Amino acid sequence: MAFSRTCKVDPLSRGIFRKSVVMLCSLLTSLFLLYCVTDRCSTLPATVKTSTQVGGIFSDELHDLRSLRRKRLLQKWNTLPETVSHISAKGPSHFTGDDNASPVYYGPLKLGDDGEPVEALLLPPLDVLSPRRVSPRFAGAGQLSPLGEGTKKLPQALIIGVKKGGTRALLEFLRVHPDIRAVGAEPHFFDRNYENGLEWYRELMPKTLEGQITMEKTPSYFVTREAPARISAMSRDTKLIVVVRDPVTRAISDYTQTLSKKPDIPSFESLTFKNRTTGLIDTSWSAIQIGIYAKHLDNWLQYFPMGQILFVSGERLISDPAGELGRVQDFLGLKRIITDKHFYFNQTKGFPCLKKAEGSSKPHCLGKTKGRTHPNINPEVVQRLRDFYRPFNMKFYQMTGRIFGWDD
Ligand SMILES: Nc1ncnc2c1ncn2[C@@H]1O[C@H](COP(=O)(O)OS(=O)(=O)O)[C@@H](OP(=O)(O)O)[C@H]1O
């Protein structure tokens, strides 16, 4: 039969064939081991890994890889603030679906003070937990940082304000930089949690390698009387960043946020005035008070020189994010890595968004709590507020040496 004829192979050829197969297998084994030694096999797709589960040596390797992954996950979870660390890792049970972004939120959704999902709860897909590429400036060109390396440090730079200025956008954009590591949630250490002590604060920070900058943002610091002295006591060298926005729009944005949480509050107009007929502004209302930037800045200048404070225009952060980010990177002494290539304007959102968020390959816009539609405010009230803020704005332009253009 044709079939039995073709199957007949002489013993010599069979021997050569067997030897060749054995040699090929040994070669492939050596190559795979070499690949793993360079810590690259952790990025292999799961299917590739399972196909190697045959030999004892490989199952050991795989076990190590899995425990490395677990370690990475644990590292991520360890960065959770105490208040949220109880959250289950079973997810995904809740996805905000808000940000057209890739991240998956595990456990019940928690929102930070600024209404954004507490980013510390965000567990990136396993493949993005592979070692982070460190900027050549600090770690040698192209080096991969070994797993678990680094220590938690107190922040060297803080975004201290202002509320509704665009602080979340700035932090999210900055996190794209490989030399910046930041806490997602607002720690509120220098205002609400100071009694917990610096060690508590440091524990909240992500691990950083030599040369990486640790950051956090809590916009209420800017208007907290005690904050400058406390931050200066932590380190006089702390770099401070303030995102400022037209105080009238800022006040309306602030009011819009409160209204979204408490729909029964009085109208913006009635909260603005102490006396509507005389037009006397109620400066004790926090939405108004926060916008008197010159007054708050005075308090900071008692403890920090002007050169240690950077003012970011909230308006320019929207119209030219790369330009403002360039200034921030210079101020932090970092290479200008975040450029206009990182942004695109999302027509639906009406804001610039990231082409790729940190630790993801997908586009990322901020959530629904950022870029809310403001209620219509009586134009006379708006004008009265503009008149009220004008002298304070002028003083602020003088102090900072930058004309923000709110009174044009
Ligand atoms: N890229 C991008 N996407 C979305 N939103 C952006 C962006 N850049 C700046 N902004 C403006 O940020 C405003 C919210 O400011 P904050 O993040 O500082 O608010 S908070 O104090 O942390 O609650 C938010 O205010 P509202 O528009 O009033 O919601 C935005 O105008």
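Here are some friendly notes on this predicted model, arranged as numbered points.

1. Let me begin with the overall picture. The protein has 408 residues, of which 31% are buried. Its secondary structure comes to 15 helices and 13 strands. Looking at contacts between residues at least 6 apart in sequence, 69% of them join residues at least 24 apart.

2. The annotated region comes next. An unreviewed UniProt entry carries the annotation "domain: Sulfotransferase" for residues 155-390. In the model, this span is 36% helix and 17% strand, and its end C-alpha atoms lie 34 Å apart.

3. The sheet is a good place to start looking. Five strands form an open sheet in the order S5-S7-S4-S8-S11, and the pairing is parallel. S5 and S11 stand at the edges with a single partner strand each, so one side of each has no neighbour in the sheet. On average, neighbouring strands here are turned by 25° against each other, direction ignored. Helix H14 (residues 321-331) packs on this sheet, where H14 touches S8 and S11, and the direction of H14 makes about 170° with that of S11.

4. If you would like to trace the strand register, begin at the S5 edge. Strand S5 (residues 180-182) pairs with S7 in the parallel sense over three bridges, and Arg181 has Thr214 of S7 as its bridge partner. S7 in turn is joined to S4 by three bridges, again running parallel; here Ile159 is matched with Lys217 of S7. S7 itself spans residues 213-217 and is mostly covered, with four of its five residues buried.

5. Carrying on across the sheet, strand S4 (residues 157-161) pairs with S8 in the parallel sense over four bridges, and Leu158 has Leu240 as its bridge partner in S8. Five bridges then join S8 to strand S11 (residues 309-313), also running parallel. In that pairing, Ile241 is matched with Leu310 of S11.

6. Strand S8 deserves its own point. How many residues of S8 (residues 239-244) are buried? Six of its six are. The cover extends to both faces: Lys239, Ile241 and Val243 are buried on one side, while Leu240, Val242 and Val244 are buried on the other. Two of these residues were met above as bridge partners, Leu240 with Leu158 and Ile241 with Leu310.

7. Now for the annotated site. UniProt, in the unreviewed entry, lists Lys164 for "active site". Where is Lys164 found? The model puts Lys164 in the loop between S4 and H6. Is Lys164 buried or exposed? Lys164 counts as buried because 26 other C-beta atoms lie within 10 Å, against a cut-off of 20 or more. Leaving aside residues up to four places away in sequence, Lys164 touches Arg245, Arg250, Ser253, Asp254 and Gln257.

8. The helix on the other side of that loop is H6 (residues 167-174), and H6 is mostly covered, with eight of its eight residues buried. Its buried residues are Thr167, Arg168, Ala169, Leu170, Leu171, Glu172, Phe173 and Leu174. Charged side chains appear in that list too, including Arg168 and Glu172.

9. Helix H15 is worth a careful look. H15 (residues 379-400) has 22 residues and reaches 29 Å from its first C-alpha to its last, close to the 32 Å expected at 1.5 Å a residue. Where does the kink in H15 lie? A kink of about 40° lies at Arg390, shortly before the proline Pro391. Just after H15, Gly401 takes a positive phi of about 75°.

10. To finish, the packing of H15. Which residues of H15 are buried? They are Val381, Leu385, Phe388, Tyr389, Asn393 and Phe396. These buried residues pack against helix H9 (247-261), helix H10 (268-272), strand S10 (280-281) and helix H12 (293-301).

Conventions. Residues numbered from 1 in each chain as written. Predicted model: local features only at pLDDT ≥ 70, side-chain atom pairs only at ≥ 80, totals over all residues. UniProt positions renumbered as here; feature names shortened; annotations may be inferred. Helix = DSSP H or I, 4+ residues; strand = E, 2+ residues; numbered from the N terminus. Buried ≥ 20, exposed ≤ 12 C-beta atoms within 10 Å, placed from the backbone. Pairing = 2+ DSSP bridges. Contact = placed C-beta atoms within 7 Å. Axes fitted to C-alpha atoms, helices over the stretch in contact; angles between N-to-C directions. Expected span 1.5 Å × (residues − 1). Bend = angle between axes of the 7 residues up to and from the residue.
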